[in-house]
Amino acid sequence: MGGNTLMNDAQSKKNAATVIEARKSLGLNIADMVRLCGVPRSTWDGWERGERAPDSAALRLLELLVWLHRDDRAAYRRFADATVRANKQGGE
């Protein structure tokens, strides 16, 4: 996931709300969300503050995660586990 697009104020607030809502609907704190998405903490913080915006692919992935969490918990868990493992291996 990526993207650090500068946005206008209204769009920034909307994107920040979307990011926060996705994290809360998944029941994750920021540290867990950062691990799941594989983005730096500073990037996520900027997204939640509306200072930066995730690109369209990152927003789409967040929507997919929320959908999986709501409608297919087993698939969500497999994805989350695999992603966290991959992110840990990439950081070593």
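**Close-up 1. Trp 44 and Trp 47 in helix α3.** Both Trp 44 and Trp 47 belong to helix α3 (residues 41–49), where three residues, about one turn of the helix, set them apart; helices here are DSSP runs of H or I with at least four residues, numbered from the N terminus. This is a predicted model, in which local features need pLDDT of at least 70 and side-chain atom pairs count only at pLDDT 80 or more, while totals for chains, interfaces and linings use all residues. Residues are numbered from 1 along each chain as its sequence is written, and side-chain values use heavy atoms, with hydrogens and water left out. The structure holds one aromatic pair, and Trp 44 and Trp 47 form this tilted pair, at 5.4 Å centre to centre and with 55 degrees between the planes (ring centres within 6.5 Å, using the six-membered ring of Trp; under 30 degrees is stacked, over 60 edge-to-face, the rest tilted). Trp 44 counts as buried because its relative accessibility is 0%, where buried means under 20% relative accessible area with a 1.4 Å probe, protein chains only.

**Close-up 2. Helices α4 and α5.** Helix α4 (residues 56–71) packs against helix α5 (residues 73–90) at an angle of about 130 degrees, with the axes 6 Å apart, the axes being lines fitted to C-alpha atoms over the stretch in contact and the angles running from 0 to 180 degrees between N-to-C directions. Leu 61, Leu 65, Leu 68, His 69 and Asp 71 in α4 meet Arg 73, Ala 75, Tyr 76 and Phe 79 in α5, contact meaning heavy atoms within 4.5 Å.

Conventions. Helices (H or I, at least four residues) and strands (E, at least two) are DSSP runs, numbered from the N terminus. Buried means under 20% relative accessible area, exposed over 50%, partly exposed in between (1.4 Å probe, protein chains only).
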